[in-house]
Amino acid sequence: MVPLSEVHDSGGHGWTTERRRRYANDLGCDVTLVGVTARSNRQKSDQDPAV
């Protein structure tokens with residue numbers, strides 16, 4: 001999973017509007033959306049998944 005801001009910073013800014021929309025709304029995979037606690041969401045923020 002990659003936060004949208006990380007996608008943008010890593011080259012997604014060059015994607016077409018349609019491609020960004022499809023990425024942001026991709027619900028085709030069971031792991032696209034993962035429920036997390038508010039605390040873990042704040043800790044992760046929008047950092048690169050490797051962090």
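**View 1. Burial and accessible surface of the whole chain.** Of the 51 residues in the chain of this predicted model, 8% are buried. The accessible surface of the chain amounts to about 4,300 Å², and carbon and sulfur atoms account for 54% of that surface. The chain contains 3 helices and 0 strands, so that its pattern, read along the sequence, is α-α-α.

**View 2. The aromatic pair of Trp15 and Tyr23.** When the whole structure is searched, 1 aromatic pair is found. This pair joins Trp15 and Tyr23 in an edge-to-face arrangement, with 5.6 Å from centre to centre and 65° between the planes. The arrangement is classed as edge-to-face because the angle of 65° falls in the range over 60 degrees that defines this class. Tyr23 belongs to helix H2, which spans residues 17-24.

**View 3. Arg19 over the ring of Trp15.** Trp15, one of the partners in the aromatic pair, also has the charged end of Arg19 over its ring. The distance from the charged end of Arg19 to the centre of the Trp15 ring is 4.1 Å.

**View 4. A nonpolar surface patch that includes Tyr23.** On the surface, Val2, Leu4 and Tyr23 form a nonpolar patch, and together these residues have about 250 Å² of accessible area. Tyr23 has a relative accessible area of 32% and is therefore partly exposed, since this class lies between the limits of 20% for buried and 50% for exposed residues. Tyr23 thus appears both in the nonpolar patch with Val2 and Leu4 and in the edge-to-face pair with Trp15.

Notes: Residues numbered from 1 in each chain as written. Predicted model: local features only at pLDDT ≥ 70, side-chain atom pairs only at ≥ 80, totals over all residues. Heavy atoms only, no water. Patch = residues over 30% accessible without salt bridge, like charges linked within 9 Å, V, L, I, M, F, W, Y side chains within 5 Å. Areas by Shrake-Rupley, 256 points an atom, 1.4 Å probe, with all protein chains shown as cover. Salt bridge = Lys/Arg side-chain N within 4 Å of Asp/Glu carboxyl O. Helix = DSSP H or I, 4+ residues; strand = E, 2+ residues; numbered from the N terminus. Buried < 20%, exposed > 50% of the residue type's maximum accessible area, 1.4 Å probe, protein only. Phe/Tyr/Trp six-rings, centres within 6.5 Å; stacked < 30°, edge-to-face > 60°. Lys NZ or Arg CZ within 6 Å of the ring centre and 35° of its normal.
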